[in-house]
Each structure stands twice: as structure tokens, then as C-alpha cells.
Amino acid sequence: MVEDVFRIIMRVAGENNISRIDRVDIVIGEYLQIKPSLFEFAFESAREGTIASAACLNLETRMVELRCTGCRQLFLLKDLKYSCPRCGSGALEITDGRDIYIKSIEGE
Amino acid sequence: MKRVLDRNRDMAARVREKLGVRNVIMINLISSPGAGKTSLLEKICEHLSGEMRIAVIEGDVATDRDARRIEKYQVPVVLINTDGGCHLDSNSIDMALREFDLDNLDVVFVENVGNLVCPAHFDLGETFKLAVVSTTEGDDKPIKYPMLFREAMAVVLNKTDLLIHTDFSHETFLADMHQVNPGIPVFELSCRTGDGLDEFLEWIKLSVSKKV
Ligand SMILES: Nc1nc2c(ncn2[C@@H]2O[C@H](COP(=O)(O)OP(=O)(O)O)[C@@H](O)[C@H]2O)c(=O)[nH]1
Ligand SMILES: [Mg+2]
Ligand SMILES: [Zn+2]
């Protein structure tokens with residue numbers, strides 16, 4: 001996953017004529033179960049020898065948000081309880097917290 | 001804002017389209033190393049290759065051992081070596097599928113790399129994911145890896161012959177599984193003794209004839 005992130009960072013930096021990346025903001029949905037500490041570790045080894053070698057990584061996580069497809073109740077996932085707190089239904093759709101995205105890249 | 005998985009998702013959609021127009025089902029098997037994916041595929045090939053046209057994509061970090069185990073059943077096999085990579089992606093699946101004559105296939109089974117986290121992140125364009133766990137891994141997998149068990153269409157609990165040697169609790173396992181994904185079918189079987197295999201194979205047949 002870190003490789004995919006890096007490929008995008010480098011492409012975006014190229015497109016914007018950035019020759020030194022100072023900061024990257026990444027948002028990780030909790031659904032993915034990516035451990036921030038492991039991600040940081042992998043990021044630190046991936047950045048070596050690149051234009052992001054001194055970049056500061058800012059990770060943010062997003063909680064899993066679900067919607068009951070029956071009663072339309074929106075709620076945040078707590079204690080991995082995948083059932084609607086209003087009607088008890090297990091038919092849910094994930095409305096947030098399942099993506100990983102790069103929010104911003106700063107550099108010059 | 002750049003979504004990291006978009007590129008994989010776009011290619012997965014193309015793979016799904018390509019398989020869909022040819023009525024080919026693709027099943028993505030995900031488990032920890034050693035849970036029994038290859039053993040299960042061997043059983044599937046042994047019992048079902050006479051009645052459906054099967055092909056297998058083997059994802060392996062370095063060797064071709066699993067691919068060779070499957071070749072014995074005379075089904076087309078393509079090996080994807082990920083070179084240490086912990087999951088397959090839709091691009092490598094798209095390439096692998098070019099090796100098959102898709103117009104003359106009913107189902108493609110994909111053995112993903114042994115890992116319960118990363119393979120769940122990457123849509124391969126499969127019809128559905130099948131999670132495989134074994135009794136010797138402990139009963140806490142559903143609660144530790146909820147994403148996989150939510151994304152999976154069904155779960156195989158393998159190595160039931162070893163249950164007596166473990167402290168695996170059925171009750172905990174099933175309760176957690178249904179908390180994470182209410183109503184998901186769980187097939188309890190042993191690839192070693194063949195116990196419970198028939199019911200699972202029937203389900204595979206139904207899935208391939210698109211009745212699930
Ligand atoms: N006792 C027992 N061993 C099994 C069973 N299924 C697979 N195994 C063994 O578990 C090991 C790993 O199986 P394999 O199919 O290679 O797992 P994979 O890494 O998920 O592909 C092999 O030594 C198999 O013989 C089973 O139902 N019972
Ligand atoms: Mg294997
Ligand atoms: Zn509801």
C-alpha cells in the first residue's frame with residue numbers, strides 16, 4: 001500500500017514541478033485496518049533517496065460510518081458491531097472510512 | 001485529494017467487465033499462510049473439474065510449489081510471483097487472465113498471497129471473495145480481521161479434524177463472525193478427511209451456475 005501511495009506522491013510532485021517534498025497529509029479509513037505505526041515505518045524506508053527524503057508525514061484516521069439500508073439510520077461503527085443501532089438490521093452500507101487518500105502534498 | 005486505491009479499482013472494474021461478458025465467475029481465496037487454500041483448490045479440482053471448466057491463478061511470494069500442486073489436476077494454471085509483495089492487484093490479474101481461453105472457462109479461482117489484511121484491500125475484479133481459516137489459527141480471526149470477513153461472501157473453516165487438539169471455541173468463532181457479518185455462510189470442513197467437503201462443493205457448484 002505504501003508503494004501505491006508513493007507512486008501517487010511522486011506523480012503529483014512531478015505534475016506540479018515540486019522538487020522537494022516537505023509534508024504529506026494522508027487520511028486512512030479505519031475499515032482498512034492499516035496500523036499507523038507500521039505505515040509510518042514503511043513510509044520512512046520508502047522515502048529514502050527520493051525527493052521526499054525529509055518529508056514529514058501527517059496521518060489522520062477516519063472512523064467507519066455506516067448506513068442501514070432498511071431504516072436509513074447513519075451511525076459510526078463502535079466495537080465492531082455491524083448492526084443498526086435503531087432497527088437491529090445487519091444490512092448496512094459503508095458510507096465513510098473505507099478509503100485511503102492523500103489529502104495534500106507540500107513542497108517547492 | 002488523491003484516492004490511493006482508485007487505479008486498482010478502475011482496473012478491477014475492467015476485469016469484472018471482461019469476465020462478465022463471457023459469463024466467467026472469479027473467486028478470490030484469502031487466508032493466512034498455511035490455512036489450506038491450495039488444499040481446498042486441490043479438492044475442488046479433483047471433484048469438480050469433470051463438470052465445470054476451471055482455471056487457477058496462483059499468487060505466490062517466491063515459489064511455484066502451489067502452482068505445481070494444481071497442475072497435477074490438468075487444469076490451466078498461471079503463476080503470479082509477487083516478489084515478496086503481500087497481495088495481488090487487479091493489474092496482475094488482468095495480465096494473468098490473458099493466458100487463458102476465457103470463452104472456454106466457467107470459473108477462475110485465484111489463490112491470493114497468504115495474508116489477512118492487504119489482500120482484502122485490493123479488488124481484483126472477482127465475483128466474490130472466499131475467506132479460509134483453520135482451527136489451528138485460533139478462534140479470534142473474525143474479530144481481529146473484520147474487513148476480510150465483511151468483504152467475503154462465505155468462510156471456510158478448515159482442519160476440523162484437528163479441533164480436538166486445539167482450544168478453538170466454536171461458539172466464540174461463530175458469534176464473532178456473525179457480529180462482524182451477520183448471516184455469512186460458514187463451511188466447516190477438513191481437506192484431510194473430506195468431512196464437510198460435499199456441502200461446500202455443492203455451494204461452489206451453485207455459485208458457478210450463478211444461483212448464489
Ligand atoms: N490436518 C489437516 N491438515 C491440513 C488440512 N488442510 C490442509 N492441511 C495441511 O496444512 C498445510 C498447509 O496447507 P496449504 O493448502 O498449503 O495452505 P495454503 O498456504 O493456505 O495454501 C499442508 O501441510 C496441508 O497438508 C486439514 O483439513 N487438516
Ligand atoms: Mg498455498
Ligand atoms: Zn436500521
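Which residue has a polar backbone atom 2.9 Å from an oxygen atom of ligand 1? The residue is Cys191(B), and you can look for this contact in the second view below. Please keep in mind that the model shown here is predicted.

**View 1. The zinc ion (ligand 3) sits among four cysteines of chain A.** Follow the SG atoms of Cys68(A), Cys71(A), Cys84(A) and Cys87(A): they coordinate the zinc ion (ligand 3) at 2.3 to 2.4 Å. Because the four donor atoms subtend angles of 102 to 119° around the zinc ion (ligand 3), their arrangement is tetrahedral. For comparison, the ideal angle for four tetrahedral donors is 109.5 degrees. Along the chain, the donors of the zinc ion (ligand 3) are spaced as C-x2-C-x12-C-x2-C. Two of these donors link distant parts of the chain: Cys71(A) belongs to the loop between strand E3 (65–68) and strand E4 (74–76) of chain A, while Cys84(A), 13 residues apart from Cys71(A), belongs to the loop between E4 and strand E5 (92–96) of chain A. Is Cys84(A) buried or exposed? Cys84(A) is buried, since its relative accessible area is 4%. Cys71(A), at 21% relative accessibility, counts as partly exposed.

**View 2. Ligand 1 is surrounded by residues of chain B, including Gly34(B) and Asp161(B).** There are 17 residues around ligand 1, and those that come nearest are Gly34(B), Lys37(B), Thr38(B), Ser39(B) and Asp161(B). In the side chain of Ser39(B), an N or O atom is 2.6 Å from an oxygen atom of ligand 1. Ser190(B) also has a polar side-chain atom 3.3 Å from an oxygen atom of ligand 1. From Cys191(B), a polar backbone atom lies 2.9 Å from an oxygen atom of the ligand. Ligand 1 taken alone exposes 580 Å², of which the protein buries 76%.

**View 3. The magnesium ion (ligand 2) has protein donors from Thr38(B), Asp66(B) and Glu111(B).** The donor atoms are OG1 of Thr38(B), OD of Asp66(B) and OE of Glu111(B), and they lie 2.1 Å from the magnesium ion (ligand 2). In sequence, the donor residues follow the spacing T-x27-D-x44-E. Thr38(B), in helix H2 (residues 37–48) of chain B, and Glu111(B), in strand E5 of chain B, are 73 residues apart, and the pair links distant parts of the chain. Thr38(B) counts as buried at 5% relative accessibility, and Glu111(B) counts as buried at 4%. Thr38(B) may look familiar from the previous view, as it is among the residues that come nearest to ligand 1.

**View 4. An open sheet brings together strands of chains A and B.** Its four strands run in the order E2(A)-E1(A)-E6(A)-E1(B), with mixed pairing. At the edges are strand E2 (56–62) of chain A and strand E1 (2–3) of chain B, each pairing on one side only. Strand E1 (residues 21–29) and strand E6 (residues 100–107), both of chain A, pair in the antiparallel sense over seven bridges. Two bridge partners to find are Val24(A) with Ile105(A) and Arg23(A) with Glu106(A). Where the chains meet, E6(A) and E1(B) pair in the antiparallel sense over two bridges, and Tyr101(A) stands opposite Arg3(B).

**View 5. Asp101(B) lies in a loop of chain B.** This loop runs between helix H4 (90–97) and strand E5 (107–111) of chain B. The side chains of Asp101(B) and Asn104(B) are joined by a polar contact of 2.6 Å. With a relative accessible area of 44%, Asp101(B) is partly exposed.

How values were computed:
Residues are numbered from 1 along each chain as its sequence is written. Chains are lettered from A and ligands numbered from 1 in the order in which they are written. This is a predicted model: local features need pLDDT of at least 70, side-chain atom pairs count only at pLDDT 80 or more; totals for chains, interfaces and linings use all residues. Side-chain values use heavy atoms; hydrogens and water are left out. Donors are N, O and S atoms within 2.8 Å of the metal (3.2 Å for Na, K and Ca); water is not among the atoms, so sites may look incomplete. Four donors count as tetrahedral if all angles lie between 85 and 135 degrees; four count as square planar and six as octahedral if opposite donors are over 155 degrees apart and all others between 65 and 115; anything else is irregular. Buried means under 20% relative accessible area, exposed over 50%, partly exposed in between (1.4 Å probe, protein chains only). A residue is near a molecule or strand if one of its heavy atoms lies within 4 Å of it. A polar contact is a pair of N or O atoms within 3.5 Å; within protein, one must be able to donate a hydrogen and the other to accept it, and residues adjacent in sequence count only if both atoms are side-chain atoms. Accessible areas come from the Shrake-Rupley method with a 1.4 Å probe; for residues, only the protein chains shown count as cover. Two strands pair if DSSP finds at least two bridges between them.
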